[in-house]
Amino acid sequence: MTKLEFDDFFQAARSGSLAFPHCKSCGQFHWYPMKRCPHCRSEDLEWVPSKGQGTLYSWTVVRHPFDEAMAGDLPYIVALIEFPDAPGIRLVSNLVDVDVDDIKMGMELSPVYPDPDQDPSVVRFRPTASSAGVPGA
């Protein structure tokens, strides 16, 4: 896996959108980017834009500075996010603008894109206004 394989993801993030690899042969999405479809081994791949709206599949709170560069950000929330318009994708990201006590499995999330001069791999997510009504976890 090379940075080149992620270029389409980074380019989409820079322009304020998400895109995921999709196999034209079997019709399935996959993450992370690969040179061949992990489902059918086809090389006939494309990048398909996503609306970016996701749901929370799982999450954890990081309270220990595994990387000293993140020590000032503790605690932070690492989340696994699914996308209804890209079935099969589960993207690891961070949740922002939410209190830990308010996090609910299945809550709706919207992307927070980096500024154009920031690292394009840092797309974070925040709860949507409508996610407050999701039944508790």
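**Cysteines**

I began with Cys26 in this predicted model. Its sulfur has its closest cysteine sulfur in Cys37, at 3.6 Å, which is too far for a bond. I noted Cys26 as partly exposed, at 31% relative accessible area.

I then turned to Cys23. The closest cysteine sulfur to that of Cys23 belongs to Cys40, and the distance of 3.6 Å is again too far for a bond. Cys23 is buried, with a relative accessible area of 0%.

How many disulfides does a search of the whole structure find? The search returned zero. I recorded the reason for the two cysteines I had looked up: a disulfide requires sulfur atoms within 2.5 Å, and the sulfur of Cys23 stands 3.6 Å from that of Cys40, while the sulfur of Cys26 stands 3.6 Å from that of Cys37. I reminded myself that a disulfide is a covalent bond between the sulfur atoms of two cysteines.

**Aromatic rings**

I next searched the whole structure for aromatic pairs and obtained seven. One of them joins Phe9 and Trp31: the centres are 5.0 Å apart, the planes are at 55°, and the pair is tilted. Which parts of the chain does this pair tie together? Phe9 belongs to helix α1 (residues 3-14) and Trp31 to the loop between β1 and β2, so the contact connects parts 22 residues apart in sequence. Phe9 is buried at 5% relative accessibility, whereas Trp31 is partly exposed, with 24%.

Trp31 also pairs with Phe20. Here the ring centres are 5.7 Å apart and the planes are at 90°, so I entered the pair as edge-to-face. Phe20 lies in strand β1 and Trp31 in the loop between β1 and β2, so this pair ties together parts 11 residues apart in sequence. I found Phe20 buried, with a relative accessible area of 0%.

I then asked which residues the ring pairs link into a cluster. The members are Phe6, Phe9, Phe10, Phe20, Trp31, Phe83 and Phe125.

I followed Phe10 separately. Phe10 is placed in helix α1 and is buried, with 12% relative accessible area. Its C-alpha is 8.6 Å from that of Asp119, although the two residues are 109 apart in sequence.

I also looked for a charge over a ring. Arg90 lies over the face of Tyr57, at 3.6 Å from the ring centre.

**Strands β6 and β7**

Phe125, a member of the ring cluster, led me to strand β7 (residues 124-127). Which residues make up the covered face of β7, and which the uncovered one? Phe125 and Pro127 form the covered face, and Arg124 and Arg126 form the uncovered one. Strand β7 pairs with β6 (residues 108-112) in the antiparallel sense, over four bridges. In β6, I located Leu109 opposite Pro127 of β7.

**Backbone exceptions**

I checked the backbone last, bearing in mind that most residues other than glycine have a negative phi and that most peptide bonds are trans.

I noted a cis peptide bond between Trp31 and Tyr32, with omega about 20°. Tyr32 sits in the loop between β1 (18-23) and β2 (45-50). I thus met Trp31 both at this cis bond and in the ring cluster.

A cis bond also runs from Leu74 to Pro75, with omega near -15°. Pro75 is found in the loop between β3 (54-62) and β4 (76-82).

I then looked up positive phi values in residues other than glycine. Arg41 has a phi near 70° and is located in the loop between β1 and β2. Asp97 has a phi near 60° and is located in the loop between β5 (90-95) and β6.

Are these two residues buried, partly exposed or exposed? Arg41 is partly exposed, at 49% relative accessible area. Asp97 counts as exposed, at 58% relative accessibility. The assignment rests on the cut-off, because exposed means over 50%.

Conventions:
Residues numbered from 1 in each chain as written. Predicted model: local features only at pLDDT ≥ 70, side-chain atom pairs only at ≥ 80, totals over all residues. Heavy atoms only, no water. Buried < 20%, exposed > 50% of the residue type's maximum accessible area, 1.4 Å probe, protein only. Helix = DSSP H or I, 4+ residues; strand = E, 2+ residues; numbered from the N terminus. Pairing = 2+ DSSP bridges. Phe/Tyr/Trp six-rings, centres within 6.5 Å; stacked < 30°, edge-to-face > 60°. Lys NZ or Arg CZ within 6 Å of the ring centre and 35° of its normal.
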